[in-house]
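Colleague: Let us go through this model together. I will ask, you reason from the coordinates.

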Amino acid sequence: MKDKKLPVLVADVVIIKDEKVLLMLRAHEPFRGYWVLPGGHVDYGETTEHAAIREVKEEVGLDVELEELVGVYSSPNRDPRYHAVSVTYIGVIKGSDKIKLGREGSEYKYFSPDELPQKMGFDHRKIIKDAFRQI
């Protein structure tokens, strides 16, 4: 087991406001200069739900409540660094909707699902389409 590679667990959140999804422009590799959902690594001993809420707070400064699971995305090549498995939720903003970007994002914008940017990282375009089909 010592030399065995294991997938990395991440949590992502689809935040929808006025029928548009919140994306941030990544400031770091991988996918620097690409639009992505807020999200990130699940810490050891942390639930995916807690990680999702924490990552949104760290990356865009929002408090969110998770409404439902969008899905689990496990393609081994969804992240160029390693095999990352994403547990993805739909989140609703609680309280202030004022964005305060963390160090991972250089810009943010709300996009209509029909007008998503060309340059999107990971498999977030598919995740967004799945989320909008659910709601």
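**Salt bridges and the largest pocket**

Modeller: This is a predicted model. I start with Asp 130, whose relative accessible area is 13%. Buried means under 20%, so Asp 130 is buried.

Colleague: How far apart, N to O, are the side chains of Arg 133 and Asp 130 in their salt bridge?

Modeller: Both residues sit in helix α2, three residues apart, so about one helical turn separates them. Arg 133 has 62% relative accessibility and counts as exposed. The N to O distance of the salt bridge is 2.5 Å.

Colleague: Which residues are joined into one network by salt bridges that share partners?

Modeller: One bridge pairs the side chains of Arg 54 and Glu 58, at 3.2 Å. Both lie in helix α1, four residues apart. Salt bridges with shared partners make one network of Asp 43, Glu 46, Arg 54, Glu 55 and Glu 58.

Colleague: Is Arg 54 buried or exposed?

Modeller: The cut-off for buried is under 20% relative accessible area. Arg 54 has 17%, so the residue counts as buried.

Colleague: What is the volume of the largest pocket, and which residues are closest to its centre?

Modeller: The volume is about 350 Å³. Of the 24 lining residues, those closest to the centre are Arg 26, Gly 39, Gly 40, Glu 59 and Glu 104.

Colleague: Which residues does Gly 39 touch, not counting those up to four places away in sequence?

Modeller: Gly 39 is found in strand β4. Its relative accessible area is 13%, so Gly 39 is buried. Beyond those sequence neighbours, Gly 39 touches Ala 11, Asp 12, Glu 55 and Glu 59.

Key: Residues numbered from 1 in each chain as written. Predicted model: local features only at pLDDT ≥ 70, side-chain atom pairs only at ≥ 80, totals over all residues. Heavy atoms only, no water. Helix = DSSP H or I, 4+ residues; strand = E, 2+ residues; numbered from the N terminus. Buried < 20%, exposed > 50% of the residue type's maximum accessible area, 1.4 Å probe, protein only. Contact = heavy atoms within 4.5 Å. 1 Å grid on protein atoms, 1.4 Å probe; cavity = no way out; pocket = protein on both sides within 12 Å on 5 of 7 lines; lining within 4 Å. Points joined across faces, edges and corners; volume = space filled by probe spheres on them. Salt bridge = Lys/Arg side-chain N within 4 Å of Asp/Glu carboxyl O.
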